[in-house]
Number of protein chains: 2
Amino acid sequence: MAVSARRGAPLSIEEISSAALRLMDAGGVEGLSMRKLAAELDVNPMSLYHHVASKDALVELICATATARMRLPADDDAPWQEQLRALALAYHQYARQHPALWIHIHNNPRVIADRTMPLWQVLDRILRLAGVPEGELRRTSDVLHAFVSGLILSELQGHLPEEAGEIERSLGLAVELIVRGLEGVTRPRG
Amino acid sequence: MAVSARRGAPLSIEEISSAALRLMDAGGVEGLSMRKLAAELDVNPMSLYHHVASKDALVELICATATARMRLPADDDAPWQEQLRALALAYHQYARQHPALWIHIHNNPRVIADRTMPLWQVLDRILRLAGVPEGELRRTSDVLHAFVSGLILSELQGHLPEEAGEIERSLGLAVELIVRGLEGVTRPRG
DNA sequence: AAAGGTAGCCATACACCGTATGGCTCACGC
DNA sequence: GCGTGAGCCATACGGTGTATGGCTACCTTT
């Protein structure tokens, strides 16, 4: 079917998106260009468009697959405080694997906006455990996700001090603040 | 001095940066281009470079002046909880004035990184009031700023529900969580 | 076997971007 | 009068995403 002149086999979306992910890891969304990507794959730039509708669609595809790959802690019957900590750590871990990608996702939060994502379901489950009433679930999970995302974002942008262990301490403090905050909010005032 | 052929008076950085801010408000950093800006000012694109070193420098200038214009609540001897709430509201207010600009600042946090900024001094003062020990000040202020920034960011990107008052409720919950969290963390465990 | 369809690839071109280079004009100080 | 420099601009370079249309090699249908 008129395979590339220079390459043996035809292109595939897997090949394209994994190369694109490599480029994004190296130089962010701006470091990824269709021309550079084509060069990487030894192909004419326009050939890519036979497998991908546009650069945006390609990036979105990468975001979606990366998001789907995120590993979340299962319900282990631990206290909600510990489960919340575990979730935050998993989220942090996931962000550090592909920082540029993660930053892009949180600047174009279509991917994260899907409330049926496991992330939201796990978070909701933990918040129910913590005693958050049903009517407050959506708002509370939004706020907590924004909190953790904000912290991770500032870390990825080098806004936090870089001494060894400082990031872990910051994340620990963040989780502790959130846990104490939840304990305070879900308890009768006083 | 060879003023523009089409315009009467020479350009000025104020004129340039205010027009640039207008473009950024309309279409984000990507909506601002030197060519569009020049067209807006009825000038040749290259003329801008007599007043501004580069597009990046221009954007940074705009960020800096906008940041300098931020109005922060003064110390009114209110309880730290209320002062923290007032600070968060002021920050939120400031962000909503120029969303695109604010987003850009928080993606290139050079501007916000200057610890001598009034924002950080006010925040530190309030946290001292709240009983945060000196050694924890930097970390705590970083985390809290990241929290609030994260929430504002998710709001600006339309991640929060748009029902009337919902944003205020989310911000209120965020502040309450933070306050309760601080109360819990600065108090002996139990 | 001939005809048609289509998957895959690519050459060319367009409109946009930031900006390097160098030259023009005019107001000023000497 | 004359140099200097501020302000402006024409041109050009290398980059971007992608629309258009044409080429080839395969597959299916007849």
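**Exercise 1. Placing an arginine**

In which helix of chain A is the place of Arg128(A)? Work this out on the predicted model shown above, then describe the surroundings of Arg128(A).

*Solution.*
- Step 1: Find the element. Arg128(A) sits in helix 6 of chain A, which covers residues 118–129.
- Step 2: Judge the exposure. A residue is buried with 20 or more other C-beta atoms within 10 Å, exposed with 12 or fewer, and partly exposed in between. Arg128(A) has 13 other C-beta atoms within 10 Å, so the label is partly exposed.
- Step 3: Look along the chain. Trp80(A) and Arg128(A) are separated by 48 residues in sequence, and their C-alpha atoms are 8.9 Å apart in space.

**Exercise 2. A helix pair in each chain**

Describe how helix 4 and helix 7 of chain A cross, then do the matching work for helix 4 and helix 8 of chain B.

*Solution.*
- Step 1: Choose the descriptors. Two packed helices are described by the angle between their axes and the distance between the axes.
- Step 2: Apply them to chain A. Helix 4 (residues 80–97) of chain A and helix 7 (residues 134–156) of chain A have axes that come within 11 Å and cross at roughly 35°. The crossing is right-handed.
- Step 3: List who makes the contact. Helix 4 of chain A contributes Ala88(A), Tyr91(A), His92(A) and Ala95(A), while helix 7 of chain A contributes Val148(A), Ile152(A) and Leu156(A). Sorted by class, this contact has 6 nonpolar residues, 1 polar residue and no charged ones.
- Step 4: Turn to chain B. The axes of helix 4 of chain B and helix 8 of chain B come within 11 Å, crossing at roughly 35°, and the crossing is right-handed.
- Step 5: Name the residues in chain B. Ala88(B), Tyr91(B), His92(B) and Ala95(B) of helix 4 meet Val148(B), Ile152(B) and Leu156(B) of helix 8. The classes here are 6 nonpolar, 1 polar and no charged.

**Exercise 3. How the two chains meet**

Work out which parts of chain B touch chain A and what rotation relates the copies.

*Solution.*
- Step 1: Count the residues. On the chain B side, 30 residues are in contact with 30 residues of chain A.
- Step 2: Assign them to elements. Helix 8 (134–156) and helix 9 (166–185) of chain B each supply at least two residues of this side. The largest share, 13 residues, comes from helix 9 of chain B.
- Step 3: Sort by class. The side of chain B that touches chain A holds 14 nonpolar, 10 polar and 6 charged residues.
- Step 4: Superpose the copies. Chain B falls on chain A after a rotation of 180° with 0.0 Å of shift along its axis, at an RMSD of 0.1 Å. That is the relation of a two-fold axis.
- Step 5: Compare the surfaces. Of the interface residues of chain B, 100% are also interface residues in chain A, so the copies meet through the same surface.

**Exercise 4. Inside the core**

Find the residues with the most contacts inside the largest nonpolar core, and follow Phe147 in both chains.

*Solution.*
- Step 1: Start with the core. The largest nonpolar core has 85 residues, and those with the most contacts inside it are Phe147(A), Ile178(A), Phe147(B) and Ile178(B).
- Step 2: Recall the general trend. In soluble globular proteins, nonpolar side chains tend to be buried together.
- Step 3: Place Phe147(B). It belongs to helix 8 of chain B and is buried, with 29 other C-beta atoms within 10 Å.
- Step 4: List its partners. Leaving out residues up to four places away in sequence, Phe147(B) touches Phe147(A), Gly150(A), Leu151(A), Ala174(B) and Ile178(B). Phe147(B) and Ile178(B) are 31 residues apart along the chain, with their C-alpha atoms separated by 8.7 Å.
- Step 5: Check the other chain. With that sequence limit again, Phe147(A) touches Ala174(A), Ile178(A), Phe147(B), Gly150(B) and Leu151(B).

**Exercise 5. Two aspartates with positive phi**

Locate Asp42(A) and Asp77(B), and decide how exposed each one is.

*Solution.*
- Step 1: Take Asp42(A). This residue is not a glycine, yet its phi is positive, about 60°. It lies in the loop between helix 2 (34–40) and helix 3 (55–68) of chain A.
- Step 2: Count neighbours. Asp42(A) has 10 C-beta neighbours inside 10 Å, so it counts as exposed.
- Step 3: Take Asp77(B). Its phi is positive too, near 60°, and its place is the loop between helix 3 (55–68) and helix 4 (80–97) of chain B.
- Step 4: Count again. Asp77(B) has 7 other C-beta atoms within 10 Å and is exposed.

Key. Residues numbered from 1 in each chain as written. Chains lettered and ligands numbered in written order. Predicted model: local features only at pLDDT ≥ 70, side-chain atom pairs only at ≥ 80, totals over all residues. Axes fitted to C-alpha atoms, helices over the stretch in contact; angles between N-to-C directions. Helix = DSSP H or I, 4+ residues; strand = E, 2+ residues; numbered from the N terminus. Left-handed = near helix turned anticlockwise from the far one by under 90°. Contact = placed C-beta atoms within 7 Å. Nonpolar A, V, L, I, M, F, W, Y, C, P; charged D, E, K, R; others polar. Least-squares fit on C-alpha atoms with pLDDT ≥ 70 in both. Core = buried A, V, L, I, M, F, W, Y, C linked by C-beta atoms within 7 Å.
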